[in-house]
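Biologist: Could you take a close look at the salt bridges for me, and tell me where their partners sit and how open they are to solvent? A little about the surroundings would be welcome too.

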Amino acid sequence: LRRAGIDVLTVGVDGKTVTGGHGIAVNADITLGEMDLTAMDMIVLPGGLGGVASARASQEALNALQFAWENDKFVAAICAGPTVLADLHITDGKKATCYPGCENGMGSAKMAENQASVIDGNLITGTSAGCAVPFGLALVAALKGQEQADAVAKSFVIR
């Protein structure tokens, strides 16, 4: 996203230090309370069961996702993250993907098998960490167009 010139802010649910499922700590740019929901074009929910549990446990995070959806922003999630969107009925009747084995948590989404990422209107979902590059390029395409996504892919030699 940053290679495409898109302003990105990472957001911590319980503070600015976020530790992933594999013990890697990342410093977020802002906390949920500091988000300006009206200024965003897209909200992206990461995957991982710990991250998904944190999002589900935070009413503020759920409210941000719902606000984005109801205000025609792009809403995206990867890995197990799309199940949180299903909880909020964002994926109802929409084409989507998720981490293999999480399909039972996808409600009435129209599951797209064997796809790294799926775009259905303002909803963008990705399958797993191994699909992060095509998912990221789908996010770029949504915000800046396919030509810009292709240029980014070419810049780091995606074939």
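Modeller: Happy to help; the salt bridges come first, and a few other sites follow. Please keep in mind that this is a predicted model, in which local features need pLDDT of at least 70 and side-chain atom pairs count only at pLDDT 80 or more, while totals for chains, interfaces and linings use all residues. Residues are numbered from 1 along each chain as its sequence is written, and side-chain values use heavy atoms, with hydrogens and water left out.

The structure holds two salt bridges, a term for a side-chain nitrogen of Lys or Arg within 4 Å of a carboxyl oxygen of Asp or Glu. In general, side chains of opposite charge can pair when their charged atoms come close.

One salt bridge joins the side chains of Arg2 and Asp29, at 3.6 Å from N to O. Arg2 lies in the segment before strand S1 (11-12) and Asp29 in the loop between S3 and strand S4 (30-31), so this pair ties together parts that are 27 residues apart in sequence. Helices (H or I, at least four residues) and strands (E, at least two) are DSSP runs, numbered from the N terminus. Arg2 is exposed, at 54% relative accessibility, whereas Asp29 is partly exposed, at 34%. Here buried means under 20% relative accessible area, exposed over 50%, and partly exposed in between (1.4 Å probe, protein chains only).

The other salt bridge is between the side chains of Asp87 and Arg56, at 2.5 Å from N to O. This pair links distant parts of the chain, with Asp87 in helix H3 and Arg56 in helix H1, 31 residues apart. Asp87 is partly exposed at 40% relative accessibility, and Arg56 is partly exposed at 37%.

Next comes Ser58, which sits in the loop between helix H1 (49-57) and helix H2 (59-70). Ser58 is buried, with a relative accessible area of 11%. A polar atom of the Ser58 side chain lies 3.0 Å from the backbone nitrogen of Ala61. Leaving aside residues up to four places away in sequence, Ser58 touches Val13 and Leu32, where contact means heavy atoms within 4.5 Å.

Finally, Asp92 is in the loop between helix H3 (82-87) and strand S7 (95-96). Asp92 is partly exposed, with a relative accessible area of 33%. Between Asp92 and Glu70 there are 14 Å in space, C-alpha to C-alpha, and the two are 22 residues apart in sequence.

Note on methods: A polar contact is a pair of N or O atoms within 3.5 Å; within protein, one must be able to donate a hydrogen and the other to accept it, and residues adjacent in sequence count only if both atoms are side-chain atoms.
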